[in-house]
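Hi,

Here is the structure I promised to pass on to you. Please have a look at it first, and then read on for my notes.

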Amino acid sequence: MWPKAPTQWIDGGTLYISIPFTWNLPDVKMQVSHTLFPHVIVGGPAVKLMPRFFDEIDKVEVQDNYPGVLQKVNPMATRTTTGCPNKCKFCGIGEGRIEPGGIVELDDWKDLPILCDNNLFAASEAHFDRVMDRLEKWGWCDFNQGVDARRLNKHHAERIARVKKPMIRLALDSLKYVDQWARAYTLLRKFKIAKHNIRSYALIGFDSTPEEAWHRCELIQSHGVKALPMWFHALDALQKNIVTTKQRALGWNEEERKAIMQWYYKHRGERRYTNIKIAS
């Protein structure tokens, strides 16, 4: 249900474009340079990260207050909080570039089952309970942005389990968080959340070697959880899936990048680093 390109719509003779990724920016810039629309409004995460990208095009205006824009991207998606108290160096949220630091609980939100909160578990228990009360009525939910396994507690797991079909995505972005990830997984399973409804992101190419990245993905899958490796892009990357000089210094190249992505998403190729041993 998520588009693989910027989302566009027309309102009152104005062309609106919501741009999710910075590597979409060059193509959008080319498009709006030749469009016949006299007024174009652009927004979205990519524009927040690079707000001056369209400065030389007079008919383009940067704006970020169109009501219901998230539902134009995905009609089943919503947010109940903004921001994140974490300050992860690989992310533009906690660093304050896309959203201010800290967590802000919304008084109300579109009552929909796909959650795009950056860090819902950082919200108060009262807010979390309000969110789960609504999701129980849907009978299913999707924690689409992933959740902070370090913050997941017994109360979170118990409330999530009340939803008949929850899809929850953990994250294991470093081996130093293995114990906290395993604790979160154990809590979810304790409350009978099915293994096939648990996924886990794994950031790769940020500060990890290929072997370490494979190790984390194998550890995730050893628990019966689908591993979802996510290739790190710099916050100003204008090309997708490029292996940078810093990543090459960690041992990455295009062959290594494709190998891990194709193995876990398409089951193609072969498993690398077969000497990896997973601690029980």
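The contact between α7 and α9 is a good place to start: on the α7 side Pro-210, Ala-213, Trp-214, Cys-217, Glu-218 and Gln-221 take part, and they meet Glu-256, Ala-259, Ile-260, Trp-263 and Tyr-264 of α9. Do keep in mind that this is a predicted model. The two helix axes come within 11 Å and cross at roughly 5 degrees. That crossing angle makes α7 roughly parallel to α9.

Both helices also touch a sheet. Helix α7, residues 210-222, lies across β11 and β12, and runs at about 175 degrees to β11. Helix α9, residues 254-266, packs on the sheet with contacts to β11 and β12, and its direction makes about 150 degrees with that of β12.

The sheet in question is open and has six strands, in the order β5-β8-β9-β10-β11-β12, with parallel pairing. At its edges stand β5 (77-78) and β12 (226-231); each has a single partner strand, so one side of each is left without a neighbour in the sheet. Strand β11 (residues 198-204) runs parallel to β12, and six bridges join the two. If you want a residue pair to look at there, Ile-204 has Trp-231 as its bridge partner in β12.

There is a second open sheet, this one with four strands in the order β1-β2-β3-β4 and with mixed pairing. Its edge strands are β1 (7-11) and β4 (60-62), each of which pairs on one side only. From one strand to the next, the twist averages 25 degrees. Strands β1 and β2 (residues 14-18) run antiparallel and are joined by five bridges; as an example, the bridge partner of Trp-9 in β2 is Tyr-16. Helix α1, residues 25-34, packs on this sheet and touches β1, β2, β3 (40-43) and β4, with its direction at about 175 degrees to that of β2.

Next, helix α4. It covers residues 125-138, and at 1.5 Å a residue its 14 residues should span 20 Å; the end C-alpha atoms are 20 Å apart, which agrees. Which residues of α4 are buried? They are His-127, Phe-128, Asp-129, Val-131, Met-132 and Leu-135. An α-helix has 3.6 residues a turn, so residues three or four places apart point the same way. The buried residues of α4 pack against four strands and a helix, namely β6 (81-84), β7 (102-105), β8 (114-115), β9 (140-143) and α5 (154-161). Straight after α4 comes Gly-139, with a positive phi near 85 degrees.

Last, the cysteines. How many disulfides are there? With sulfur atoms required to lie within 2.5 Å of each other, the count comes to zero. Cys-91 is in no disulfide: the nearest cysteine sulfur belongs to Cys-88 and is 6.3 Å away. Cys-91 counts as partly exposed, because its relative accessibility is 24%. For Cys-141, the closest cysteine sulfur is that of Cys-116, and at 12 Å it is too far for a bond. Cys-141 is buried, with a relative accessible area of 1%.

I would be glad to hear what you make of it once you have had a look.

Best wishes

How values were computed. Residues numbered from 1 in each chain as written. Predicted model: local features only at pLDDT ≥ 70, side-chain atom pairs only at ≥ 80, totals over all residues. Heavy atoms only, no water. Buried < 20%, exposed > 50% of the residue type's maximum accessible area, 1.4 Å probe, protein only. Pairing = 2+ DSSP bridges. Contact = heavy atoms within 4.5 Å. Axes fitted to C-alpha atoms, helices over the stretch in contact; angles between N-to-C directions. Expected span 1.5 Å × (residues − 1). Parallel < 35°, antiparallel > 145°, perpendicular 65-115°, else oblique.
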